[in-house]
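Please open the model in a viewer and keep the sequence panel visible. The tour proceeds by selection, with a short account at each stop.

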Amino acid sequence: MSLHLVLVPGFGGFDALGTLRYYEGVTRVLEETPLVLHYFPNLPTASVRTRAEQMLAFLDERWRRKEIRSGDEIHLVGHSTGGLDLRQLLWRYRELEESKDLRRADSALEVLSHIRSVQFLSTPQRGTNLVRRMNQPLVRSLLIRPLLRTFFESARALRERGTSVSGRLLRRVLRRGKRVESDNWIDALLDTLEGCYSREGAYSSALARASYFELLRWLLHMASDSSALSDLSPVHLGDAPLSPAHVDDPESERRFLVEHGIRYASIVTVARPRSEHWFDLFNQLYALTAESPVARLGPPRAVQKLLDPRTTQMLSLSDNDGLVNTVSQVWPDAASCYLVDADHADVIGHYQEESAGDTHGALKRYDLLNSASGFDAATFHEVWTRIASFAQGRSYAGSGRASRRSSAAPG
């Protein structure tokens, strides 16, 4: 029997883009576990419905190719919007159970019978205030889409070498200005641009060319379809289809999970700004997410800390991880949720920049948001060890350092 752990990326998601891997360092943490890892190559900003349909096909293909066999278990992990994709996927399975199209349902329901757990990381279960504040029709039609289209057309016109040169030129310009350490996300962008062209041999050139075309594909997807923005708004917009963020019936969804023997848990994240850098990216995102949140995001909740099960923290509407209000991440109830001090990118491995000597191949780790969460390598290792333990049938509190400190940890 094999245990398959499928990791689903969130908004703007990808497996690897240039030097940036979405889930960075997870393979190294889990390489000693019996889990077989699958990194789902999501559609970046398509609707949750579209992304869930792609995931349904992805799992079905793994089953048809016998990568997943009878007797195996499937365990799903979704970060950010990827968690909404998982809920939508489960909705889709429920629809197929009730469907009369047995040709389509048989294969899909065979896969469903092998799903044994689902875990949510930093998921905007009821949307996020950041999207509510930024998701205006004029902003999307006059700024976001034209800007992304411009990036795509520019990269296509410049081709591989020109895109790489533009990255080097931008780096020189920025080096002349004053930059703070929170500009690590800029380094990720420039590294990706520069990596689109190489003259260091046939293999390196082929990899650079593949990175270039992957960048084009990613930009074109986002410029063509930004439906996920509507799905992430806590307030349903116009005639857009309902997403899981707009449906508040956790008991019905929980009942479906229980009936199918699927265990569930959520890791929720909260961070704080760096007081000395009020104008950096994280502080601006944190302030937008915290300002005037709507009540529908969720009531104040007391949530148990993952790494100190004796401690709970009361969460307010304005608490967030830089992108998602923390109370919105609490689902289906506080009892199945665990709090980690981390920003939105920390938990997927982007918590500290790697020096050149620490990188593994072309891919590297960036501190994309650079909050004051205090998240570090030891915490990252502990969080993912807990995620792996849960997939293997053990509780979060039943593994790792924190549980050994406390005999009162819940099972």
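The stops below run from the whole chain to a helix pair and then to two individual residues.

**Conventions.** Residues are numbered from 1 along each chain as its sequence is written. This is a predicted model, in which local features need pLDDT of at least 70 and side-chain atom pairs count only at pLDDT 80 or more, while totals for chains, interfaces and linings use all residues; side-chain values use heavy atoms, with hydrogens and water left out.

**Whole protein.** Select everything and colour by secondary structure. The protein has 13 helices and ten strands; these are DSSP runs numbered from the N terminus, with helices being H or I of at least four residues and strands E of at least two. Of the 411 residues in the protein, 55% are buried, where buried means under 20% relative accessible area, exposed over 50%, and partly exposed in between (1.4 Å probe, protein chains only). Among contacts (heavy atoms within 4.5 Å) with a separation of 6 or more, 76% are between residues 24 or more positions apart.

**Helix 3.** Next select residues 81-97, which form helix 3. From first C-alpha to last, its 17 residues reach 25 Å, close to the 24 Å expected at 1.5 Å a residue; the expected span is 1.5 Å times one less than the number of residues. Helix 3 is mostly covered, with 13 of its 17 residues buried.

**Helix 3 against helix 10.** Add residues 250-259, helix 10. The two helices pack at an angle of about 70°, with axes 11 Å apart; axes are lines fitted to C-alpha atoms over the stretch in contact, and angles run from 0 to 180 degrees between N-to-C directions. Helix 3 and helix 10 are therefore roughly perpendicular, a class covering 65 to 115 degrees. Show side chains for R87, L90, W91, Y93, R94 and E97 of helix 3, and for S252, E253, F256 and L257 of helix 10, which make the contact.

**D280.** Move to the loop between strand 7 (263-270) and helix 11 (281-290), where D280 lies. D280 counts as buried because its relative accessibility is 5%. Its side chain reaches the backbone nitrogen of N283 at 2.9 Å.

**R28.** Finally, select R28 in helix 1 (residues 26-30). Is R28 buried or exposed? R28 counts as partly exposed, because its relative accessibility is 35%. The side chains of R28 and E24 are joined by a polar contact of 3.4 Å, that is, a pair of N or O atoms within 3.5 Å; within protein, one must be able to donate a hydrogen and the other to accept it, and residues adjacent in sequence count only if both atoms are side-chain atoms. Now add H381: its C-alpha atom is separated from that of R28 by 9.3 Å, although the two residues are 353 residues apart along the chain.

Conventions: Angles under 35 degrees count as roughly parallel, over 145 as roughly antiparallel, 65 to 115 as roughly perpendicular and the rest as oblique.
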